[in-house]
Amino acid sequence: MNHLPILNFYSALYCSWRTSSSCSSSGFVLYDLLSGLVAHPSVALASSPELYWKTALPNTPIPSCIRDLLHPPETSPGLWTLSESEEEAVIPGVSSIYYNAANVAQLRDKSSRSLFFLEKDLFPGATFDLQFKRSIPKHADLLPRRVADALPFSSNKLPDVLALLSVDPNSKEAREMSATLERCERTANARETKHCATSIESMVDFAVSALATDYVSAVSTVANATAAAAMQRYVVEGFERMGGEGLGVFCHAEPYAYVVFHCHAVGKGMMREYAVSLKGSGGSRVEAIAVCHLDTTSWNPQHVMLQVLQVKPGSAVPVCHFLPSDHVLWTPRQQML
């Protein structure tokens, strides 16, 4: 793993605390922690997210989207980011929070709307117009847990976080961070448990706890840069039902100053998962993960998926979506059915 970007981030945090005119006792703790990591990168390596994954989940391959974070390219591939002129963020994955009503931007965004479909419409030869955008910005840093846990992560501490990270309180980034914290702090739906993981280690622990086993599968949609760059027509070459027993944990990225995954655990029998092979008209091949929700009783009637598919909450019709390429689906590990 290339540690330079992360160590530079540690150094920035270190300098922020060091030059603060009011450095609290917690600030000195963070100062000592970060300066130790910068001075001894071998310590960071020894407690790295990748090592933790391999130790905690020796039988679970790391999905491609997590590998990308652990081993970032030397030059950014141009991951999806919002332009400064946009007032409303369309973030792939936020629509999967069932109590959210759709905003105008979500309803207008064709690339997000196109991810939704009815289960009956998934069959060999079926066509979909899709664009597999990414929501993790190219400037995001992946922090090891010992660093992430030392940083405040709550709405009432947001001013401190913005000052620490030198983020303008009136900026778009500050507004996105505030919205992320508000989503993370909302009470979970009656039939789900949720957790905002500020580190890979925290995500692993939540998934294992929610699924009540460490024999798990962690998968993501595998799509190349061409699939992310533009909408194109895909044909379903084949698909297989995955054997998760309808029990799963979804983790999607949230906009923040560093990588944060919002994870939702749904109960047994509430969904069906599929591995779908897609071939694009532009030559792209995508190994997509699709999820069909079987119980929408407690969903917001204005949820974007229900509006797009014209389905009411509690309908017997399963509503489905393809996962964007930087989402992770966790299920109890079984063979394909």
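**Salt bridges, helix packing and ring pairs in a predicted chain**

Good morning. I begin with one residue: Lys120 is exposed, its relative accessible area being 63%. The model in front of you is a predicted one, and every value I quote today is computed from it.

Lys120 leads us to the charged pairs. Side chains of opposite charge can pair when their charged atoms come close. What is the partner of Lys120 in a salt bridge? The partner is Asp121, and the closest N and O atoms of the two are 3.3 Å apart. Asp121 has a relative accessible area of 29%, so Asp121 is classed as partly exposed. How many salt bridges does the structure hold? The count is nine, and I shall describe two others.

In one of them, Asp129 pairs with Arg233, with 2.8 Å between the closest N and O atoms. This pair connects distant parts of the chain: Asp129 belongs to strand β2, residues 127-130, and Arg233 to strand β5, residues 232-242, with their positions 104 residues apart in sequence. Asp129 is partly exposed at 28% relative accessibility, and Arg233 is partly exposed as well, at 48%.

The other is the salt bridge between Glu254 and Arg183, at 2.8 Å from N to O. Glu254 is in strand β6, residues 248-254, and Arg183 is in helix α10, residues 172-185, so this bridge ties together parts that lie 71 residues apart in sequence. Are these two residues buried or exposed? Buried means under 20% relative accessible area. Glu254 has a value of 3%, so Glu254 counts as buried; Arg183 has a value of 11%, so Arg183 is buried too.

Let me now step back to the chain as a whole. Its secondary structure comes to 13 helices and eleven strands. There are 337 residues, and 52% of them count as buried. If one takes contacts between residues at least 6 apart in sequence, 74% of those contacts join residues at least 24 apart.

I turn next to a pair of helices. Helix α4, residues 49-56, packs with helix α11, residues 200-211; their axes are 9 Å apart and the angle is about 20 degrees. Angles under 35 degrees count as roughly parallel, and so α4 is roughly parallel to α11. Which residues make the contact? From α4 they are Pro49, Tyr52, Trp53 and Ala56, and from α11 they are Ile200, Glu201, Val204 and Asp205. Sorted by class, the contact of α4 with α11 has six nonpolar residues, two charged residues and no polar ones.

Val204 of helix α11 deserves a closer look. At 1% relative accessibility, Val204 counts as buried. Neighbours within four places in sequence aside, Val204 is in contact with Tyr52, Trp53, Ala56, Leu57 and Trp330. In sequence, Val204 and Trp330 are 126 residues apart, while their C-alpha atoms are 9.4 Å apart in space.

The aromatic rings come next. Across the whole structure, a search finds nine aromatic pairs. One of them joins Phe128 and Phe322 edge-to-face, with 5.2 Å from centre to centre and 85 degrees between the planes. Phe128 lies in strand β2 and Phe322 in strand β10, residues 319-322, so the pair ties together parts of the chain 194 residues apart in sequence. Phe128 and Phe322 are both buried.

A further pair is formed by Phe132 and Tyr234: the ring centres are 5.9 Å apart and the planes stand at 80 degrees, so this pair is edge-to-face. Phe132 sits in the loop between β2 and α8, and Tyr234 in strand β5, 102 residues apart. Phe132 and Tyr234 are both buried. Ring pairs link these four residues and Phe117 into a cluster, namely Phe117, Phe128, Phe132, Tyr234 and Phe322.

I close with two residues of the backbone. Most residues other than glycine have a negative phi. Ser166, however, has a positive phi, near 55 degrees. Ser166 is placed in the loop between α9 and α10, and Ser166 is exposed at a relative accessible area of 63%. Ala212 also has a positive phi, of about 60 degrees, although Ala212 is not a glycine. Where does Ala212 lie? Ala212 is in the loop between α11 and β4, and Ala212 is exposed, with a relative accessible area of 69%. Thank you for your attention.

Note on methods:
Residues numbered from 1 in each chain as written. Predicted model: local features only at pLDDT ≥ 70, side-chain atom pairs only at ≥ 80, totals over all residues. Heavy atoms only, no water. Salt bridge = Lys/Arg side-chain N within 4 Å of Asp/Glu carboxyl O. Buried < 20%, exposed > 50% of the residue type's maximum accessible area, 1.4 Å probe, protein only. Helix = DSSP H or I, 4+ residues; strand = E, 2+ residues; numbered from the N terminus. Axes fitted to C-alpha atoms, helices over the stretch in contact; angles between N-to-C directions. Parallel < 35°, antiparallel > 145°, perpendicular 65-115°, else oblique. Contact = heavy atoms within 4.5 Å. Nonpolar A, V, L, I, M, F, W, Y, C, P; charged D, E, K, R; others polar. Phe/Tyr/Trp six-rings, centres within 6.5 Å; stacked < 30°, edge-to-face > 60°.
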